[in-house]
Amino acid sequence: MTLYGVGLGPGQADLVTVRGKRALEDADVVYSPGRLSRSVATEHVPEARIGDLDFPMTRDEEKLRAAWKEAAAEIATTARDGDAAFVTLGDPNVYSTFGHLRRTLAAFHPEVDLEVVPGVSAVTAFATALGVEITAGSSLALREADGGRSPTGPDRMVLFKVTDAPSTHTGLVEAGYDVTYGRRLFMEQGETLVTDDPTAIDERDYYTLAYAEKPEARVEQATDAFLEASDESGLVSDGGAQDIARQERSEGVLCGDEPGGDRQ
Ligand SMILES: C[S@@+](CC[C@H](N)C(=O)[O-])C[C@H]1O[C@@H](n2cnc3c(N)ncnc32)[C@H](O)[C@@H]1O
């Protein structure tokens, strides 16, 4: 009847959404494309309901197409008589294997209904794990940095696939970025590491990302005035309160949270 593409989040079982958990519990078979996603899925459904799919470790497009055709045929058979789920780490629509499945089903099994349950992606989870705030008014780009590459240009970047941190670091620092690395964030499997020292993570681990920011790109926020107004004891005086309220209101108008026009 339906195939649910379920995002499992970064790896900790309690970061699966309530809707995702329900889809997993209701599915007749939960298909998993890898070992890590399987270990998260088994926190929510018994092993007996997990269906493993075999994908060759190859870039050969012919072999990949053949593997996806086979996987889609099996999933379509299950989804014809009941409900199936296909899980991916993070979000199914962000740099994910799920796209291959969606395209293959659309081509060969268009009768299968598809529903996607979004997951907590590393694209957003990194901010909490690394203690970073992407403030209103700033921009953020997503890039890949596999094989030691150092993409540059945007003021702020999340870099996926940081497999050679020391080489990537050299290029980023030369281009004027401050860089923080995160490995196995919100994951139960393996050690979580957050560091700005690339030599601390020089061993290759696919589940590594980086956040790179140009220091001069910081966007002033209305509430920064609280910190400027605080005295040595750390207490905030009421100096500037009117200005702050006015700035916050106009920020709300910009973001569409407050009605605009002449309202004061
Ligand atoms: C193919 S992408 C999959 C992204 C996933 N669909 C998502 O939405 O988070 C894999 C890359 O995401 C990053 N990544 C995913 N989960 C991570 C985690 N828990 N900790 C650190 N990096 C992670 C790594 O850079 C990894 O190379």
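Okay, let's start with what lines the ligand: by class, the shell around the ligand has 13 nonpolar residues, seven polar ones and four charged ones. Keep in mind as we go that this is a predicted model.

In total, 24 residues surround the ligand. If you want to find the spot on screen, look for Pro10, Gly90, Val94, Ser121 and Ala122, which are the closest. Which helices and strands supply at least two residues each to that shell? They are helix H5, at 122-130, plus strand E8 at 178-183 and strand E10 at 208-213.

And where does the ligand lie relative to the domains? It lies between domain 1 (2-120) and domain 2 (129-217), because both of them give residues to the shell.

Let me zoom out for a second. The protein chain has 264 residues, and 29% of them are buried. You can count eight helices and 10 strands in the chain. Now take the contacts in the chain with a separation of 6 or more: 59% of those are between residues 24 or more positions apart.

Next, some strand pairing. Strand E2, residues 29-32, has partners that include E3 and E4. With strand E4, residues 83-88, E2 runs parallel, and three bridges join the two. One spot to click on is Val29, whose bridge partner in E4 is Ala84. E2 also pairs with strand E3, residues 50-52, again in the parallel sense and over three bridges. There, Val30 stands opposite Ile50 in E3. To get from E2 to E3, the chain crosses through helix H2, residues 35-41, and this β-α-β crossover is right-handed.

Now for a few single residues, beginning with Gly119. You'll find Gly119 in the loop between strand E5 (113-117) and H5. Is Gly119 buried or exposed? It counts as buried, because it has 27 C-beta neighbours inside 10 Å. Leaving aside neighbours within four places in sequence, its contacts include Gly7, Leu8, Gly9, Gly90 and Asp91. Thr17 is also in contact with Gly119; those two are 102 residues apart along the chain, yet their C-alpha atoms are separated by 6.8 Å. Remember Gly90? That residue was among the closest to the ligand.

Over to Pro154, in the loop between strand E6 (141-144) and strand E7 (156-160). Pro154 is partly exposed, because 17 other C-beta atoms lie within 10 Å. Not counting residues up to four places away in sequence, Pro154 touches Ser139 and Ala141. The C-alpha atoms of Pro154 and Ala212 are separated by 9.2 Å, and those residues are 58 apart along the chain.

Last stop, a bit of backbone geometry. Most residues other than glycine have a negative phi. Lys161 isn't a glycine, and its phi is positive, near 55°. Arg184 has a positive phi too, about 50°, although it is not a glycine either. Both sit in loops: Lys161 between E7 and helix H6 (165-174), and Arg184 between E8 and strand E9 (193-195).

How do their surroundings look? Lys161 counts as partly exposed, because it has 18 C-beta neighbours inside 10 Å. Arg184 is buried, because it has 20 other C-beta atoms within 10 Å, and 20 is enough for a residue to count as buried.

So, the picture to take away: a ligand between domain 1 and domain 2, with 24 residues around it.

Note on methods: Residues numbered from 1 in each chain as written. Predicted model: local features only at pLDDT ≥ 70, side-chain atom pairs only at ≥ 80, totals over all residues. Near = placed C-beta within 6 Å. Helix = DSSP H or I, 4+ residues; strand = E, 2+ residues; numbered from the N terminus. Nonpolar A, V, L, I, M, F, W, Y, C, P; charged D, E, K, R; others polar. Domains from an automatic or database assignment. Pairing = 2+ DSSP bridges. Right-handed = clockwise from strand over helix to strand, strands pointing away. Buried ≥ 20, exposed ≤ 12 C-beta atoms within 10 Å, placed from the backbone. Contact = placed C-beta atoms within 7 Å.
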